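Biologist: Please take a close look at one part of this model for me, and set it against the chain it sits in. I would like the cut-offs spelled out as you go.

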Amino acid sequence: MNFGERKEKVWRAFNAFRGYTPVDRYTEAAFLINKTKRILREKGVKPSQEECYETMLTVADKYEIINPFENAFDFYKVFQATDEELDWEMVLLAEDDHTMSSRFYIPEVLLRCFDDHISNDVKTILIPEAEKFALTITETVDAHPDKSFTLTTINSVAKAVLDEIFAGYENVCILQTSIYMYEFSALKFDFIMSVPVFGVRDKAEESPFICREYDLIAVENLLLHLNSGGELMIVIPARITFAAGDVKELREFIQSMYCLKEIAELPGGIFLPTSVKTMLFTLTTGRTEDVAIKRLVADTKNPRRDGISQLIIHDETFVMLEELQDMGDWNVDKVFALQDEDYQRFQNSDVRKKTLGEVADIFRGKNVAKKDPTGNIGFVNISNLGVYSIVTEGMDHINEESRKVANYLLEEGDVLIPARGTAIRIAVFEEQSYPCIASSNIVTIRPHKEVLLSSYLKLFLDSPMGRTLLSAMQQGTTVMNISYNDLKAMEVPIPPLKEQQKIADEYEKELKRYHKSIQDAEERWQRVVERLQREF
């Protein structure tokens with residue numbers, strides 16, 4: 001039976017609860033009814049309404065579940081209407097929405113990835129927040145009868161349901177505890193698989209860990225519970241690969257105390273309902289010489305609509321641990337870019353290269369709280385960045401004293417590039433009749449004219465090699481984030497000024513010809529349309 005069929009079967013059973021208990025209490029209701037039926041069945045008598053209700057209250061007290069029914073009548077009506085044994089794995093995924101689309105669960109394709117990493121040497125396995133693994137959790141346990149499983153959950157109802165699922169399993173222990181708390185368990189394990197909470201705004205108020213974000217707390221905490229040679233497979237948002245501050249400190253801690261075995265970029269849409277870009281990490285207390293770097297893609301064009309039945313390796317490479325440490329981050333795009341054949345040829349070529357920081361001034365634009373259509377200063381947004389130059393039509397303005405924005409005023413020939421956004425558009429600023437500044441979402445590159453020409457730099461950054469270098473420094477999830485400090489360290493070819501001028505002249509000459517051709521074609525088209533319309 002597939003996921004859709006299993007889901008529909010549970011909701012057919014839950015239809016009996018409608019109107020008698022809140023929709024967000026269906027799981028508790030289902031569990032209490034099931035337990036009550038078993039107890040009364042064992043007594044072998046036909047109970048009255050009050051006896052049923054009192055038995056249910058006893059069960060609720062035993063499992064510390066708040067009674068979801070308002071009165072004995074409501075409970076008895078549902079009790080009589082519920083006959084079939086429920087699919088408890090699907091009950092764990094049930095939510096107050098008939099499609100179950102708002103409940104976070106781990107897709108089967110990722111569960112297979114976890115299962116494939118369980119080697120014969122593994123004896124003890126931890127699955128935190130086990131309700132997220134409900135789709136195949138019994139299959140995983142049944143496939144490894146020789147291994148000892150510890151399943152945790154924060155939720156008392158989920159604990160009760162998991163106890164129900166694994167009643168009679170001698171190799172399964174269920175704990176109600178939180179992996180976001182220090183010493184959540186006294187045990188250590190050979191293998192841990194985890195998809196912690198991510199994409200939440202709340203942070204731990206007091207924490208003995210390096211970071212306060214719950215997903216990053218989980219990484220550090222779970223690593224402490226690995227046996228010697230043990231492995232942790234954990235899904236974490238891509239932010240861990242590039243963020244600075246305490247996240248960087250966490251990366252350095254992991255690299256100093258543990259070993260990275262694999263970093264795999266997961267496809268967008270793999271988790272519903274979130275769209276956060278995620279990475280699958282494999283970390284170990286054992287030894288490894290290099291790190292496998294992978295980019296996984298879905299076997300469907302629209303994973304959100306069609307789901308994912310298989311993860312396909314789109315790119316794969318290896319990087320030495322020392323090289324990863326030298327990079328300063330775990331940026332997968334950077335690893336692939338630096339190992340690109342064209343990049344290697346560029347690096348090994350004889351052309352003179354300098355960092356942008358040596359041949360240009362680079363600074364971030366200004367954050368402006370209030371705009372003024374009648375303001376005296378133009379305000380360049382990302383939307384104003386054209387194919388070559390700034391699109392002044394519809395440009396915002398601000399009203400500000402010149403002295404307060406003096407350090408941000410744009411000059412002729414400044415090269416503007418988005419610091420954030422979904423696409424890279426590079427434009428060269430042309431002086432306007434009014435002063436202009438760029439927004440904080442734009443980085444301004446001001447070439448030193450005696451060594452670097454603006455048009456030449458624009459042409460290089462737009463080239464495949466330039467895009468490769470820019471991709472290598474992107475620090476983003478679904479939205480890119482380019483740091484001006486990274487731009488300063490970016491190497492660009494610096495041929496003699498005459499050669500740059502020759503390249504720039506040809507580029508600008510052909511660009512004018514291109515624009516003239518488009519203008520002529522549009523005018524010709526307009527004349528033809530007008531002539532034909534006069535025939536009517």
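Modeller: Happy to. The chain has an accessible surface of about 27300 Å², and carbon and sulfur atoms hold 47% of it; areas come from the Shrake-Rupley method with a 1.4 Å probe, and for residues only the protein chains shown count as cover. Residues are numbered from 1 along each chain as its sequence is written, and side-chain values use heavy atoms, with hydrogens and water left out. This is a predicted model, so local features need pLDDT of at least 70 and side-chain atom pairs count only at pLDDT 80 or more, while totals for chains, interfaces and linings use all residues.

A few overall values set the scene. The C-alpha trace spans about 100 × 70 × 50 Å along its principal axes. The radius of gyration of the chain is 30 Å, whereas a compact globule of 536 residues would have one near 24 Å; the radius is taken over C-alpha atoms, and the globule rule is 2.2 Å times the number of residues to the power 0.38. Of the 536 residues, 50% are buried, meaning under 20% relative accessible area, with exposed being over 50% and partly exposed in between (1.4 Å probe, protein chains only). The chain holds 19 helices and 20 strands, which are DSSP runs numbered from the N terminus (helices H or I with at least four residues, strands E with at least two). Contacts here are heavy atoms within 4.5 Å. Among contacts between residues at least 6 apart in sequence, 72% join residues at least 24 apart.

The part I have picked is the pair of helices α16 and α17. α16 covers residues 454-462 and α17 covers residues 464-473, and they pack at an angle of about 70 degrees with their axes 4 Å apart. That makes the two helices roughly perpendicular: 65 to 115 degrees earns that label, under 35 counts as roughly parallel, over 145 as roughly antiparallel, and the rest as oblique. The axes are lines fitted to C-alpha atoms, for helices over the stretch in contact, and the angles run from 0 to 180 degrees between N-to-C directions.

On the α16 side, Phe460, Leu461 and Asp462 meet Pro464, Met465, Gly466, Arg467, Leu469 and Leu470 of α17. These residues divide into 6 nonpolar, 1 polar and 2 charged, where Ala, Val, Leu, Ile, Met, Phe, Trp, Tyr, Cys and Pro count as nonpolar, Asp, Glu, Lys and Arg as charged, and the others, Gly among them, as polar.

How enclosed is α17? It is largely enclosed by the rest of the structure, because 7 of its 10 residues are buried. They are Met465, Gly466, Thr468, Leu469, Leu470, Ala472 and Met473.

Back in α16, lysine 458 deserves a stop. Its relative accessibility is 1%, so it counts as buried. Leaving aside neighbours within four places in sequence, lysine 458 contacts Val387, Tyr388, Ile426, Val428 and Tyr507. For tyrosine 388, which is 70 residues away along the chain, the C-alpha atoms are separated by 8.2 Å.

For comparison, here is another pair of helices. α2 (residues 26-43) and α4 (residues 72-81) pack at about 75 degrees, with their axes 11 Å apart, and they are therefore roughly perpendicular as well. Ile33, Thr36, Lys37 and Leu40 of α2 make that contact with Phe75, Val78 and Phe79 of α4. The division there is 5 nonpolar, 1 polar and 1 charged.

And to set beside α17, take α9 (residues 214-223): 9 of its 10 residues are buried, so α9 is also largely enclosed by the rest of the structure. Among the elements that cover its buried residues are β1 (124-127), β4 (189-194), β5 (226-237), α10 (246-257) and β7 (278-284).

Lysine 458 can likewise be set beside lysine 132, which sits in the loop between β1 and α7 (137-143). Lysine 132 is buried too, at 10% relative accessible area. Its C-alpha atom is 9.3 Å from that of serine 194, 62 residues away along the chain. Glutamate 129 lies in that loop between β1 and α7, and its phi is positive, near 50 degrees.
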